[in-house]
Amino acid sequence: MNQNRRIVVTSLAAAAMSAGLPLPALAQKKIVLGFSQIGAESEWRTANTESIKSAAKEQGIDLKFSDAQQKQENQIKAIRSFIAQKVDVIAFSPVVESGWGTVLREAKAAKIPVILTDRAVNEKDESLWVTFMGSDFVEEGRKAGRWLLENYKATGDVNIVELQGTVGSAPAIDRKKGFEEIIKAQPRFKIIRSQTGDFTRAKGKEVMEAFLKAEGKKINVLYAHNDDMAIGAIQAIEEAGLKPAKDIIIISIDAVKGAFEAMMAGKLNVSIECSPLLGPQLMQAVKDLKAGKTLPKRIVTEESIFPMDVAAKEFPKRKY
Ligand code: AHR
């Protein structure tokens with residue numbers, strides 16, 4: 001900026017302030033947020049990215065967005081680059097729970113606050129992040145388990161196959177834990193096979209094919225840690241000549257539009273909601289931080305359960 005222009009801008013700002021008016025746009029510095037996203041493995045993740053990008057635009061926050069393509073090393077690189085660029089705030093969704101201590105200490109040493117979104121980290125020192133906003137994944141697993149116990153009517157043993165999310169990720173660990181905690185109350189409900197489908201449709205289909213090959217008609221229930229894997233598995237079940245949601249009861253998590261379509265087609269029994277629409281909350285938290293406010297250490301997203309019989313009524317209201 002040349003000297004004359006600087007003088008004009010400064011005097012405009014001074015005049016606005018003395019008249020009690022907001023500062024002219026030119027005099028306000030945009031908040032810079034560095035965000036490291038996991039990738040684009042699911043319908044959920046795509047909606048989450050869209051929510052973050054559009055909320056940043058609406059709130060006038062300068063977003064530096066980086067896609068890690070499912071790799072922790074890429075997330076660590078992105079965080080280091082945000083530190084080097086001296087962004088105001090760093091936020092990220094950790095692909096796995098462990099291995100973040102060093103880079104988080106680097107951010108702390110650079111005095112850049114870190115917000116965890118969607119997934120937690122497994123680090124003892126909680127001063128390494130200011131807040132963690134997102135779902136309670138253990139509770140989602142419990143909801144899935146409770147729905148099963150309340151709705152499974154046939155008597156005798158119930159053989160469950162489980163499609164887990166990404167190995168080592170918070171939702172995979174917690175959704176398994178919550179579900180098992182509930183079903184152990186009734187020992188006739190047994191998980192006979194459990195394997196990762198990495199939260200993707202392609203892997204969900206592939207692993208379900210292997211489950212069907214090994215167990216065939218013994219399978220009574222599929223518990224999938226997300227809708228995308230359930231949708232892939234539905235294809236495998238149909239290709240094996242079985243009827244999804246009838247021959248095999250299917251429970252999954254997220255409640256994305258694809259799951260509603262499957263429920264309306266009678267192919268998925270229930271989806272437990274996990275909202276990806278974290279953008280507005282994240283931008284508010286960033287602004288609050290810059291305004292010197294203290295954030296709660298944990299911000300939990302409120303969520304519902306959608307069984308097949310409400311799918312058609314709820315579908316038009318779904319935003320992701
Ligand atoms: O962390 C949230 C999970 O990640 C969603 O359930 C899944 O679909 C996504 O990929």
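1. Which residues surround the ligand? In this predicted model, the ring of neighbours is made up of Glu 41, Ser 42, Trp 44, Arg 45, Asp 118, Arg 119, Phe 137, Pro 171, Arg 175, Phe 199, Asn 226 and Asp 254.

2. Start with the polar contacts. The side chain of Glu 41 places an N or O atom 2.4 Å from an oxygen atom of the ligand. For Ser 42, a side-chain N or O atom is 2.9 Å from a ligand oxygen. Arg 45 has a polar side-chain atom 3.0 Å from an oxygen atom of the ligand.

3. Now look at burial. Taken alone, the ligand exposes 280 Å². The protein buries 100% of that. The space that the ligand takes is the largest cavity.

4. Check the secondary structure next. Helix H2 (43–59) and helix H6 (170–183) are the elements that give two or more residues to the shell around the ligand.

5. Sort the shell by class. Six residues are charged, four are nonpolar and two are polar.

6. Finally, consider the domains. Domain 1 (30–134 + 276–302) gives at least three residues to the shell around the ligand. Domain 2 (137–274) also gives at least three.

Terms used
Residues are numbered from 1 along each chain as its sequence is written. This is a predicted model: local features need pLDDT of at least 70, side-chain atom pairs count only at pLDDT 80 or more; totals for chains, interfaces and linings use all residues. Side-chain values use heavy atoms; hydrogens and water are left out. A residue is near a molecule or strand if one of its heavy atoms lies within 4 Å of it. A polar contact is a pair of N or O atoms within 3.5 Å; within protein, one must be able to donate a hydrogen and the other to accept it, and residues adjacent in sequence count only if both atoms are side-chain atoms. Accessible areas come from the Shrake-Rupley method with a 1.4 Å probe; for residues, only the protein chains shown count as cover. On a 1 Å grid over the protein atoms alone, a cavity is a set of points where a 1.4 Å probe fits but cannot get out, and a pocket is an open set with protein on both sides within 12 Å along at least five of seven lines; lining residues have an atom within 4 Å of a point. A molecule sits in a cavity or pocket if more than half of its atoms lie within 2 Å of its grid points. Helices (H or I, at least four residues) and strands (E, at least two) are DSSP runs, numbered from the N terminus. Ala, Val, Leu, Ile, Met, Phe, Trp, Tyr, Cys and Pro count as nonpolar, Asp, Glu, Lys and Arg as charged, and the others, Gly among them, as polar. Domain bounds come from an automatic or database domain assignment.
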